[in-house]
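Please look over the sequence and the three-dimensional model shown next before reading on. The paragraphs that follow lead from the whole chain to its sheet, its helices, its loops and its pocket.

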Amino acid sequence: LDQGRLTAKEAATRLPDSGEMPLATLPVSHGTLPTVYTTADKRGHLLIVTPPDRPWRDQLTLTLTHWPGAALVVDADGRLYQKTAAARQNLYGPVYPLPGYRLWANNLLRIWLPEAAFPLHRFLMPAALHTASVGDDDVARTGSLICAVGFYSLTHKRNPFQLLLDMALTDMLTALMALETVPQARLHVRHFTKGQPPQLAIYDAATVQAFAWFSHQLWRYQEAYTTFAMPEDQKDMIPDYWSRVAGTLYITYPCGKLAELMGLVAAMVSSQLVAHQTYGLSKPLLLVLDTSLASRLPHFAQFMTTAADFGITVVLIAPSLPALDALTPTGSGATLAAQFAHQLWYAPRDRQTAVYMATRYGTHLNASSEAVLELTPEEILAWSEDQLLLVTEWERPYVVLGHPVQLPSDFPQRQPPLPPAAEKTPRRYDEWL
């Protein structure tokens, strides 16, 4: 107990047996499997480290079913939406799947402001996408195009995101000449063209390559054309205050499409978190995401230190300990894991994760009074899929071996609410000209 290690029976008496977030079941005796919970008012984040094929989704399904506050769920393939949307709408508040509903992210799309345009540029076109054919300075100049589009949309009262995608389908000369008709936009166009008018810029190879690269990077987001709406477009729009009324926003793109649209999804999640931190009145918000998305959010490790102050509880899913390394400036996944009051470590497939789990479970003294691991990494690597290591904090941190929670046999299977039908109006990308 000095190391916080509990047997299943000790854990059953010391840890809470009710709450909003089920963590694990305890093998107390044959046929008796009490469940350990944590509560929403504890505001402790949850880390789930699991290979993709482990039975971890039941835990999230039950958590979303019992969580009384708002939730923002990045749900590849919409599996959690299928199982939990009907229950959450009946018990707590409205549900909004994306794609389906439309979003007005005011703090994201005020792209006539450099403080909005350049972060959006970094989301949509991260450094990892840069190619050798386009220099870093040329890539940086394309951020000015987003500012120019912002001023054009502000002047002509057009949807900034849709205008950005329309411009990416327009030839360079036509697009730049149209943007230059707005005086404020012209300043940013000339920054992109290195001071040249568009008629001469088309003969500058670096500028042409930069525009082609910019348009190519935006191509992946064309199918998300209708994702954002203007304030006057009330139809099928997610209200700004959804997190204050225990609403649930599910982002349900198919797994492959989610990977392709990851920059846009990261921008949407970031904008909703900023809105909640600004206007959410510190009401509870459950954020469910995985490490691939967390790596695209700016300063995620720093965000973790302040999220609870704004009522945000984070559930982070990672495939292994090394996946956490990329989320910290120091490259130490163990340091990030320490910020989670509750951790579920499913049977791993890699040795580095197994070594960490063995160390976290603690040691005992052998016959020679030497401290040796209670469990070796090899023993943990040999676990079946129904075993896990639970780390949880109550009056102090505890560690215990348990089993994954499972959906009860009578779990209600209700049809989720149908998302709004997609608009069938043909798109004209040159309508803005």
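What percentage of the 433 residues of the protein chain count as buried? In this model, which is predicted, the share of the chain's residues that count as buried is 52%. The chain is made up of 19 helices and 13 strands, and its C-alpha trace spans about 85 × 50 × 35 Å along the principal axes. One pair of residues gives a sense of the distances within these dimensions: Ala 201 and Leu 108, which are 93 residues apart in sequence, are 30 Å apart in space when taken from C-alpha to C-alpha. Ala 201 belongs to helix H10, and it counts as buried because its relative accessibility is 0%.

A good place to continue is the sheet. Nine strands form an open sheet with mixed pairing, and reading across it gives the order E5-E6-E4-E7-E8-E3-E9-E12-E13. Strand E5 (95–98) and strand E13 (397–402) stand at the edges of this sheet, and each has a single partner strand, so one side of each is left without a neighbour in the sheet. On average, neighbouring strands of the sheet are turned by 10° against each other, direction ignored.

Within that order, strand E4 (residues 70–74) repays a closer look. On one side it pairs with strand E7 (residues 285–290) in the parallel sense, over 4 bridges, and in this pairing Ala 70 stands opposite Leu 285, while Leu 72 stands opposite Leu 287. E4 is also joined by 4 bridges to strand E6 (residues 248–251), with the two strands running parallel, and here the bridge partner of Leu 72 is Leu 249. Leu 72 therefore has a partner in E7 as well as in E6, a reading that rests on the definition of strand pairing through bridges.

Are the residues of E4 buried or exposed? Of its 5 residues, 5 are buried. In a regular strand, the side chains alternate between the two faces of the sheet. In E4, Ala 70, Leu 72 and Val 74 lie on one side and Ala 71 and Val 73 on the other, and since all of them are buried, both faces of the strand are covered.

Two helices can be described next by their span and their burial. Helix H13 (262–279) has 18 residues and reaches 25 Å from its first C-alpha to its last, close to the 26 Å expected at 1.5 Å a residue. H13 is mostly covered, with 13 of its 18 residues buried, and just after the helix Leu 281 takes a positive phi of about 60°. Helix H11 (residues 205–219) has 15 residues and reaches 21 Å between its first and last C-alpha atoms, close to the expected 21 Å. Its buried residues include Thr 207, Phe 211, Trp 213 and Leu 218.

The loops hold several backbone features that deserve attention. Most residues other than glycine have a negative phi, and most peptide bonds are trans. Asp 77, in the loop between E4 and helix H3 (79–91), has a positive phi near 70°, and with a relative accessible area of 41% it is partly exposed. Lys 194 likewise has a positive phi, of about 60°; it is placed in the loop between helix H9 (183–192) and helix H10 (198–201), and it counts as partly exposed because its relative accessibility is 46%. A cis peptide bond, with omega about 5°, joins Leu 98 and Pro 99, and Pro 99 is found in the loop between E5 and H4.

The last stop is the largest pocket. Rolling a probe the size of a water molecule over the atoms shows where empty space is left. About 600 Å³ of space lies in the largest pocket. Which residues are closest to its centre? Of the 25 residues that line this pocket, they are Pro 119, Phe 123, Ser 270, Leu 297 and Pro 298. Helix H4 (106–109), helix H5 (114–124), helix H13 and helix H15 (300–306) each supply at least two residues of the lining, which by class has 14 nonpolar, 8 polar and 3 charged residues. H13, described above as mostly covered, is thus also one of the helices that contribute to the lining of this pocket.

Key. Residues are numbered from 1 along each chain as its sequence is written. This is a predicted model: local features need pLDDT of at least 70, side-chain atom pairs count only at pLDDT 80 or more; totals for chains, interfaces and linings use all residues. Side-chain values use heavy atoms; hydrogens and water are left out. On a 1 Å grid over the protein atoms alone, a cavity is a set of points where a 1.4 Å probe fits but cannot get out, and a pocket is an open set with protein on both sides within 12 Å along at least five of seven lines; lining residues have an atom within 4 Å of a point. Grid points are joined across faces, edges and corners, and a volume is the space filled by probe spheres set on the points. Ala, Val, Leu, Ile, Met, Phe, Trp, Tyr, Cys and Pro count as nonpolar, Asp, Glu, Lys and Arg as charged, and the others, Gly among them, as polar. The expected span of a helix is 1.5 Å times one less than its number of residues. Buried means under 20% relative accessible area, exposed over 50%, partly exposed in between (1.4 Å probe, protein chains only). Axes are lines fitted to C-alpha atoms, for helices over the stretch in contact, and angles run from 0 to 180 degrees between N-to-C directions.
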